[in-house]
Amino acid sequence: MITLAIETSCDETSASVLENEKVMSNVISSQLFHTKFGGVVPEVASREHLKKITEITYEALKRSDKKLSDIELICATSGPGLIGALLIGLNFGKSLSAVLNVPFVPVNHIQAHLYSNFLSGQKAEFPFLGLIISGGHTLLILAEDFFKHKIIGSTVDDAAGEAYDKTAKLLGLEYPGGKQIDDNSKKGDKDFHKFPISHLKNNEFDFSFSGIKTAVLYFLRDIDYNNNDIKDEKLLYDICASFQETMVKTLFDKTLKAAKKFKVKNIAVSGGVSANSGLRERFYELKEKGYNVYFPDTEYSTDNAAMIGLTGYLKFIHSKNKEYYKLESLAQKAYPKLNYSEF
Ligand code: KG4
Ligand code: ZN
């Protein structure tokens with residue numbers, strides 16, 4: 001089955017063509033100009049998706065050596081995400097499916113991150129624990145079978161990626177700052193300063209990252225970081241390394257605790273923050289303790305349409321009622337989803 005997938009939930013316009021579960025092409029156009037605003041401006045993002053979507057889709061078809069007439073299934077992100085941005089990809093995909101008369105599958109962006117590790121070599125076997133860490137979401141999921149998931153923890157405030165981006169901003173780094181903190185931390189001392197880890201009483205598997213961001217803010221204020229004319233690079237590297245150590249420890253410790261409690265030996269980490277080198281290193285150490293650890297290739301860590309295509313395709317082939325995905329029956333149901341209700 002040839003699938004065309006579209007992703008426009010935030011600041012990446014992406015299109016991908018898959019043949020069954022195999023990615024034939026995955027074209028991603030990142031809206032780098034948001035950097036100058038210090039974050040994604042929703043209306044500007046939507047307008048850029050509108051400009052790019054046709055060109056990116058044709059590029060994905062070209063690279064996969066497929067024609068529009070070869071497409072048998074269309075998938076697009078239906079949420080969560082920026083409403084205006086979602087509507088561009090969703091309506092583009094729905095219109096194409098109507099014209100081509102092929103089924104259309106709306107895909108939950110977070111579910112797609114969960115399945116993104118299936119695109120890279122070995123697939124996690126069920127049951128597995130999914131740690132999904134992106135710019136907008138932080139979730140611990142127990143995946144028992146295809147589309148049988150339980151949320152066992154989530155963030156009560158900032159998402160993990162958001163904590164990276166906000167801290168990067170405090171340090172004067174460009175948005176999105178996750179990768180820069182990661183790169184800087186390789187040159188710094190992780191024991192330079194201890195930033196606090198939040199412990200939550202209600203649910204031990206929930207996360208809170210607003211405290212660490214505030215702790216960095218106070219630390220920088222105390223050392224008068226922003227009034228230093230000549231920035232000390234070593235200091236920047238050490239702060240990045242110390243911040244990263246707390247983030248990695250928080251994410252790792254909670255996931256391992258959950259794996260023990262739910263007696264799961266397979267752990268799949270995904271979402272933009274899963275590109276983090278320190279996190280990968282820490283989780284891979286678990287392999288020696290009898291755990292199977294899965295990360296997507298970095299191309300599939302951050303937002304991409306290949307994960308949308310794979311998830312939509314899996315949803316379609318595991319569905320008992322394929323008629324449901326005919327456009328007429330979806331007309332009312334494939335609207336942007338802004339919460340986790342369908343998880
Ligand atoms: O999944 P994603 O592309 O978009 C959302 O669905 O939100 O994740 C983007 C997030 C940003 O916050 C970015 O700073 C973070 O992923 N990120 C990283 C790294 N690469 C991207 N965070 C830490 N280390 C990285 N290497
Ligand atoms: Zn994402």
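Start with the largest cavity, which encloses about 30 Å³ of space; a cavity here is a set of points on a 1 Å grid over the protein atoms alone where a 1.4 Å probe fits but cannot get out, and a volume is the space filled by probe spheres set on the points, which are joined across faces, edges and corners. The structure holds 1 cavity of 30 Å³ or more. To display the lining, that is, residues with an atom within 4 Å of a point, select Pro196, Ile197, Ser198, Ser208, Phe209, Ile212, Thr246 and Thr250. By class this lining has 4 nonpolar, 4 polar and no charged residues, where Ala, Val, Leu, Ile, Met, Phe, Trp, Tyr, Cys and Pro count as nonpolar, Asp, Glu, Lys and Arg as charged, and the others, Gly among them, as polar.

The model is predicted, so local features need pLDDT of at least 70 and side-chain atom pairs count only at pLDDT 80 or more, whereas totals for chains, interfaces and linings use all residues. Residues are numbered from 1 along each chain as its sequence is written, chains are lettered from A and ligands numbered from 1 in the order in which they are written, and side-chain values use heavy atoms, with hydrogens and water left out.

Next, select the zinc ion (ligand 2), whose protein donors are His109 (NE2), His113 (NE2) and Asp303 (OD), at 2.0 to 2.1 Å. Donors are N, O and S atoms within 2.8 Å of the metal (3.2 Å for Na, K and Ca), and since water is not among the atoms, sites may look incomplete. Along the chain these donors follow the spacing H-x3-H-x189-D. His109 and His113 both belong to helix H3 (residues 109–115), 4 residues apart, about one turn of the helix; helices (H or I, at least four residues) and strands (E, at least two) are DSSP runs, numbered from the N terminus. Both histidines are buried, meaning under 20% relative accessible area, with exposed over 50% and partly exposed in between (1.4 Å probe, protein chains only).

Then turn to the largest pocket, with a volume of about 1,200 Å³; a pocket is an open set of points with protein on both sides within 12 Å along at least five of seven lines. Of its 41 lining residues, Asp11, Gly135, Asp165, Tyr175 and Pro176 lie nearest the centre, and the lining divides into 11 nonpolar, 20 polar and 10 charged. Helix H4 (160–170) gives the largest share of this lining, 6 residues.

The second largest pocket, of about 270 Å³, is lined by 14 residues, including Lys190, Gln244 and Glu245. Helices H5, H7 (233–261) and H8 (277–284) each give two or more residues to this lining.

For the largest nonpolar core, a set of buried Ala, Val, Leu, Ile, Met, Phe, Trp, Tyr and Cys residues joined through side-chain atoms within 4.5 Å, select Leu129, Phe243 and Phe283, which have the most contacts inside its 45 residues. H7 supplies the largest share of this core, 12 residues.

Finish with the backbone. Most residues other than glycine have a negative phi, and most peptide bonds are trans. A cis bond joins Gly79 and Pro80, with omega about -10°, and another cis bond joins Phe126 and Pro127, with omega about -5°. Phe147, not a glycine, has a positive phi of about 60° and counts as partly exposed at 25% relative accessibility. Asp224 has phi near 55° and sits in the loop between H6 and H7.
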